[in-house]
Amino acid sequence: MIRVILYDDVEQFRETMGLLLDGTDEFSIVGQFGNCESASADVALLKPDVVLMDIDMPGASGIDGVRMIRKKNQAVKIIMLTVFDDNRNIYDAIRLGANGYVLKKSAPSAIISAIRDVYEGGAPMNSSIATQVLQMFAGMSPGDENYGLTEKEKAVLKSLVDGNSYKMVAAALNISIDTVRTHIRNIYEKLQVNSKSEAVAKALKNRIV
């Protein structure tokens, strides 16, 4: 059973999604909320596998919700489920740690497939969203400021940006996990961040790698 939390300020949409998911044997809605101001605490308490996050909500936005969740939890999968398909929202959501980006106008079967896909480790996106993501990243070039990172530290950071675990970083760069941890401590200090998600976000925002 895939446990799902839904954040959306439109009650009718929450009810529709609840009926859609609870009507299957595969999914269970464990929480529905009209805002995401307590998103981090909600995730800690309800332990979902997947979070469906709208963007435009009263109080904290869905982008803020992703940020709050990622400060405490790197494992839960987050899909932005929204009407917004503009570059800024897409970029911010992915930069802060969203695993997928799906438009509300998608067919119900496509939304179900997206939840299943992200749960299994995928990164579901509508084709139009994927095209914009490719265009955004294709236009990026390394920035002038590298914060004093060594070539090895930049290689470790690039591997983190690619979504690799510490073990995978160690294997890819042919170094020990302890060495990876040492590099990551140095990276955090130089970038003035406190977590993997913040380091990845800063690397993307400032085009460090």
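In helix α9, the residues Val180, His183, Ile184, Ile187, Tyr188 and Leu191 are buried, where buried means under 20% relative accessible area, exposed over 50% and partly exposed in between, with a 1.4 Å probe and protein chains only. These residues lie on the same side of α9, because they cover an arc of only 140° around the axis; the arc is that of the directions from the helix axis to the C-beta atoms. The structure is a predicted model, in which local features need pLDDT of at least 70 and side-chain atom pairs count only at pLDDT 80 or more, while totals for chains, interfaces and linings use all residues. Residues are numbered from 1 along each chain as its sequence is written, and side-chain values use heavy atoms, with hydrogens and water left out.

A closer look at α9 completes the picture. This helix runs over residues 177-191, 15 residues in total, and reaches 21 Å from its first C-alpha to its last, close to the 21 Å expected at 1.5 Å a residue; the expected span is 1.5 Å times one less than the number of residues. On the face turned away from the buried side of α9 sit the exposed residues Asp178, Arg185 and Glu189. The cover over the buried residues of α9 includes α7 (151-161), α8 (166-173) and α10 (196-205). Just after α9 comes Gln192, whose phi is positive, near 60°.

Stepping back, the protein chain has 10 helices and 5 strands, taken as DSSP runs numbered from the N terminus (helices are H or I, at least four residues; strands are E, at least two). Its C-alpha trace spans about 50 × 35 × 30 Å along the principal axes. The radius of gyration is 18 Å, which agrees with the value near 17 Å for a compact globule of 209 residues; this radius is taken over C-alpha atoms, and the globule rule is 2.2 Å times the number of residues to the power 0.38. Of the 209 residues, 44% count as buried. Contacts (heavy atoms within 4.5 Å) often link distant parts of the sequence: among those with a separation of 6 or more, 63% join residues 24 or more positions apart.

One residue of α10 shows such links at close range. Ala203 is found in this helix and is buried, with a relative accessible area of 1%. Leaving aside neighbours within four places in sequence, Ala203 is in contact with Leu157, Val161, Ile208 and Val209. Val161 is 42 residues from Ala203 along the chain, yet their C-alpha atoms are separated by 7.6 Å.

Side chains of opposite charge can pair when their charged atoms come close. The model holds 10 salt bridges, each a side-chain nitrogen of Lys or Arg within 4 Å of a carboxyl oxygen of Asp or Glu. In helix α7, Lys154 and Glu151 lie 3 residues apart, about one turn of the helix, and their side chains meet in a salt bridge (3.1 Å, N to O). Lys154 counts as buried at 19% relative accessibility, whereas Glu151 counts as exposed at 59%. Helix α4 (residues 87-96) contains Asp92 and Arg95, a salt-bridged pair with the closest N and O atoms 3.3 Å apart; both residues are buried. Back in α9, Arg181 and Asp178 form a salt bridge (3.3 Å, N to O). Here Arg181 counts as partly exposed at 38% relative accessibility, and Asp178 as exposed at 55%. Elsewhere, salt bridges that share partners join Asp8, Asp54 and Lys104 into one network.
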